[in-house]
2 protein chains.
Amino acid sequence: MTHKKAAVAEPESHADAYLQIGEVAERTGVTQRTLRYYEEKGLLKPPSRLDGGFRLYSEEDVLRVEKIKRLQTLLGFTLADIKDMVQADEVKSQIKATYRKDAEVSERRGKLLKAKEVTLGQVAVIDQKLAALQDMKTHLEQKLDQYDGWLRNLEEQAVAARA
Amino acid sequence: MTHKKAAVAEPESHADAYLQIGEVAERTGVTQRTLRYYEEKGLLKPPSRLDGGFRLYSEEDVLRVEKIKRLQTLLGFTLADIKDMVQADEVKSQIKATYRKDAEVSERRGKLLKAKEVTLGQVAVIDQKLAALQDMKTHLEQKLDQYDGWLRNLEEQAVAARA
DNA sequence: CTTAACCTTGACGTGCACGTAACATTCCAT
DNA sequence: ATGGAATGTTACGTGCACGTCAAGGTTAAG
């Protein structure tokens, strides 16, 4: 019957497992609209396409979407910020790909330094947020202690009233 | 001439240095529009007013605005989320104010428990974000190590090429 | 009393991050 | 080859968090 979805059936050869947009949407929890929007905004590289035009995503794309989602929902970065971040990853991948080839050493060095600089900036931002969160947590825990103190106080009053 | 403010003072709250909206905006770095918007959305209690209708904010209000801003920009909470959070603070203040009065003990206990519950939820959310941030930082630092490795590699190549 | 600076309440506009059709096209199984 | 599900593009709509006038009223200073 109507099975879930017909993927590209390849009994042999490497199971590279390309995914259509619906599958990616389901796995990542975002909508298809969102995936197209991310592509439009440069957060996802234009994926390969089937002959008919259907998008074919890789597992790497799935990971990237999940990363975007974490950055967005948990940390409140804007998509513009996130674009900068994932583009740093692009640089990394690019360097990795051309690492063995004899390109200009100084050029690769420059890219590496830039990637490092960007990453250091990201770490700094994260450290800021970590500090703010720690601070906030400390305050909340102090409040919890206060609540507990008041609750114990109420208990005492109740006992006294009963006596 | 120095005007005498109308008596709006509640039990044992000493009024000090009331600020108009422009002053608050300048001190907190948000716009007047934003302050009115926060009030409209229930994030700020309607402040007292001058006879002519001008808003008069307290230092406490300033602190609250700064807190809202931290929650929003550093941690990416929505104003709806933040409203819930600051309302927990309201409860706390209210309890503090009526603590010595002989209200229903069970009522105060209920409110305390609710406040505690809300606070625990906030701590849980913060713990989530902390974990996500730590994880992300770890990954970034691994990438930094990788970059450094590659850079050292390039250095070696450069030395080898010179020899 | 006049005036500039400051404030008030609407009310419409904006950028972001999508949602939601509408309609055409493509894929797969029968 | 045909029906139906999945996908494509295009375009308008939406909620949030304000921005930005507009048309006044209020206050402090001169």
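This is a quick talk through the cores, the chain contact and the DNA-facing surface of a predicted model.

Okay, let's start inside. The largest nonpolar core has 20 residues, and the ones touching the most other members are Y38(B), L43(B), I68(B), L71(B) and I82(B). Now, which elements give two or more residues to this core? On the chain B side you've got α2 (32-40), α3 (59-74), α4 (79-97) and α5 (105-162), and chain A comes in with its own α5 (105-162). In fact α5(A) gives the largest share, four residues.

Zoom in on Y38(B) for a second. Skip its neighbours within four places in sequence, and Y38(B) is in contact with L43(B), L44(B) and I68(B). There's also a second, separate core, this one with 18 residues, including L19(A), L35(A), L44(A) and Y147(B).

Next up, the contact between the chains. Chain A puts in 32 residues and chain B puts in 32. On the chain B side, α3 and α5 each give two or more, and α5(B) has the largest share, with 27 residues. If you like classes, that side of chain B comes out as 18 nonpolar, nine charged and five polar residues.

Last bit, DNA strand C. There are 23 residues around the strand, and those that come nearest are G52(A), L79(A), Q20(B), G22(B) and R55(B). Who supplies at least two residues of that surface? From chain A, α2 (32-40) and α4 (79-97); from chain B, α1 (21-28) and α2. By class, the surface near DNA strand C splits into 10 polar, eight nonpolar and five charged residues.

Conventions: Residues are numbered from 1 along each chain as its sequence is written. Chains are lettered from A and ligands numbered from 1 in the order in which they are written. This is a predicted model: local features need pLDDT of at least 70, side-chain atom pairs count only at pLDDT 80 or more; totals for chains, interfaces and linings use all residues. A nonpolar core is a set of buried Ala, Val, Leu, Ile, Met, Phe, Trp, Tyr and Cys residues joined through C-beta atoms within 7 Å. A residue is buried if 20 or more other C-beta atoms lie within 10 Å of its own, exposed if 12 or fewer, and partly exposed in between; C-beta atoms are placed from the backbone. Two residues are in contact if their C-beta atoms, placed from the backbone, lie within 7 Å. Ala, Val, Leu, Ile, Met, Phe, Trp, Tyr, Cys and Pro count as nonpolar, Asp, Glu, Lys and Arg as charged, and the others, Gly among them, as polar. A residue is near a molecule or strand if its C-beta atom, placed from the backbone, lies within 6 Å of it.
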